[in-house]
Amino acid sequence: MKKLQMGPAKVKEEVKKEEAKVKEEAKKEEQKNNGSATDDLKPGRIEGPFSGVDKKLVNCVMAVSAFYGNTLKVTSGLRSNRKQGEVMWDYWVSNLKHGMIYDLLIRNAAKRKELDDLYVARKREEVIKIVEPDARIYSRHVTGGALDIERNTDQKMVNALNLILRVYDEALCYHLDFRGRTPPGFPISDSIKSKWKR
Ligand SMILES: [Zn+2]
């Protein structure tokens, strides 16, 4: 109600204030994510697109890479909304089981059918257009909360990752995120490392 009584200049000022607040919060969040986590950044090696991905996730991967002295290869990191649509188009039948892996589409059968019918009719752009606005609901990749690594990654390293984050076997890659897990502290504690098998 307050805003209704404001003149245009006042509204503009309020919007500016609001924007500054959002920016400030984003900065704080970023600092929190960086934390002391950079300690583990040097010795490990990651190849592939991981820029823009949650630092804690990257640091888990770095720590495991450093521990085993092996490069970890990322196949997918941060995705745009459109990219999420493209990925879903590409893997709709193989990995994504015609959408049956998504809660959103399991709950909304009509939407899943719409997407599936468009897929069968080879309407790529239309599928992407429907996915785009909900991209972040479909995948943590859109908000930088997920990483995919090569499927042929050394199994010892996959097991080590599985102790500090969620590893989901996507058949063509391993998908990593913190769903249902609490990120570890950094540097990774010796008690965790003692469980990493050489
Ligand atoms: Zn993934």
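The exercises below work through a predicted model, each with a solution in steps.

**Exercise 1. The sheet**

Task: Give the order of the strands in the open sheet and find which strands stand at the edges.

Solution:
- Five strands are to be placed: the 5 strands form an open sheet in the order 1-2-3-5-4, with mixed pairing.
- Read the two ends of that order. Strand 1 (46–47) and strand 4 stand at the edges, and each has a single partner strand, so one side of each is left without a neighbour in the sheet.
- Then look at what lies on the sheet. Helix 8 packs on it and touches strand 2, strand 4 and strand 5. The direction of helix 8 makes about 130° with that of strand 4.

**Exercise 2. The hairpin of strand 4 and strand 5**

Task: Describe how strand 4 and strand 5 pair, name residues that face each other, and inspect the turn.

Solution:
- Strand 4 covers residues 166–169, and its pairing with strand 5 is antiparallel over 4 bridges.
- Two positions fix the register. R166 stands opposite D177 in strand 5, and Y168 has H175 as its bridge partner in that strand.
- The hairpin has 3 residues between the strands, and A171 takes a positive phi near 70° there.

**Exercise 3. The nonpolar cores**

Task: State which elements build the largest nonpolar core and which of them gives the largest share.

Solution:
- Start with the residues. The largest nonpolar core has 24 of them, and L57, C60, V61, L147 and L176 have the most contacts inside it.
- Next, assign the elements. Those giving two or more residues to this core are helix 2 (55–68), strand 2 (72–76), strand 3 (147–150), helix 8 (155–162) and strand 5 (173–177).
- The largest share, 7 residues, comes from helix 2.
- Another core, of 11 residues, lies apart from this one; V87, W89, L115 and A135 are among its members.
- Finally, take C60 as an example of contacts. Leaving out residues up to four places away in sequence, C60 touches L161, I164, L165 and P184.
- As background, nonpolar side chains tend to be buried together in soluble globular proteins.

**Exercise 4. Helix packing**

Task: Work out the relative direction of helix 5 and helix 6, and list residues where they meet.

Solution:
- Two packed helices are described by the angle between their axes and the distance between the axes.
- Helix 5 (residues 109–120) and helix 6 (residues 124–131) pack at about 155°, and their axes are 8 Å apart.
- Angles over 145 degrees count as roughly antiparallel; helix 5 and helix 6 are therefore roughly antiparallel to each other.
- Their crossing is left-handed.
- On the helix 5 side are L115, L118 and Y119, which meet E126, V127 and I130 in helix 6.
- Helix 6 has a further neighbour. In helix 3 (residues 81–91), Q84, G85, V87, M88 and W89 are buried, and the buried residues of helix 3 pack against helix 6 and helix 7 (135–138).

**Exercise 5. Two single residues**

Task: Place A66 and I101, and decide whether each is buried, partly exposed or exposed.

Solution:
- A66 is found in helix 2. With 18 other C-beta atoms within 10 Å, A66 is partly exposed, because buried requires 20 or more and exposed 12 or fewer.
- The C-alpha atoms of A66 and P43 are separated by 5.2 Å, although these residues are 23 residues apart along the chain.
- I101 sits in the loop between helix 3 and helix 4 (103–107). Its count is 13 other C-beta atoms within 10 Å, so I101 is also partly exposed.
- I101 and Y138 are 37 residues apart along the chain, and their C-alpha atoms are separated by 9.6 Å.

Key. Residues are numbered from 1 along each chain as its sequence is written. This is a predicted model: local features need pLDDT of at least 70, side-chain atom pairs count only at pLDDT 80 or more; totals for chains, interfaces and linings use all residues. A nonpolar core is a set of buried Ala, Val, Leu, Ile, Met, Phe, Trp, Tyr and Cys residues joined through C-beta atoms within 7 Å. Two residues are in contact if their C-beta atoms, placed from the backbone, lie within 7 Å. Two strands pair if DSSP finds at least two bridges between them. Axes are lines fitted to C-alpha atoms, for helices over the stretch in contact, and angles run from 0 to 180 degrees between N-to-C directions. Angles under 35 degrees count as roughly parallel, over 145 as roughly antiparallel, 65 to 115 as roughly perpendicular and the rest as oblique. A crossing is left-handed if the near helix is turned anticlockwise from the far one by less than a right angle, and right-handed if clockwise.
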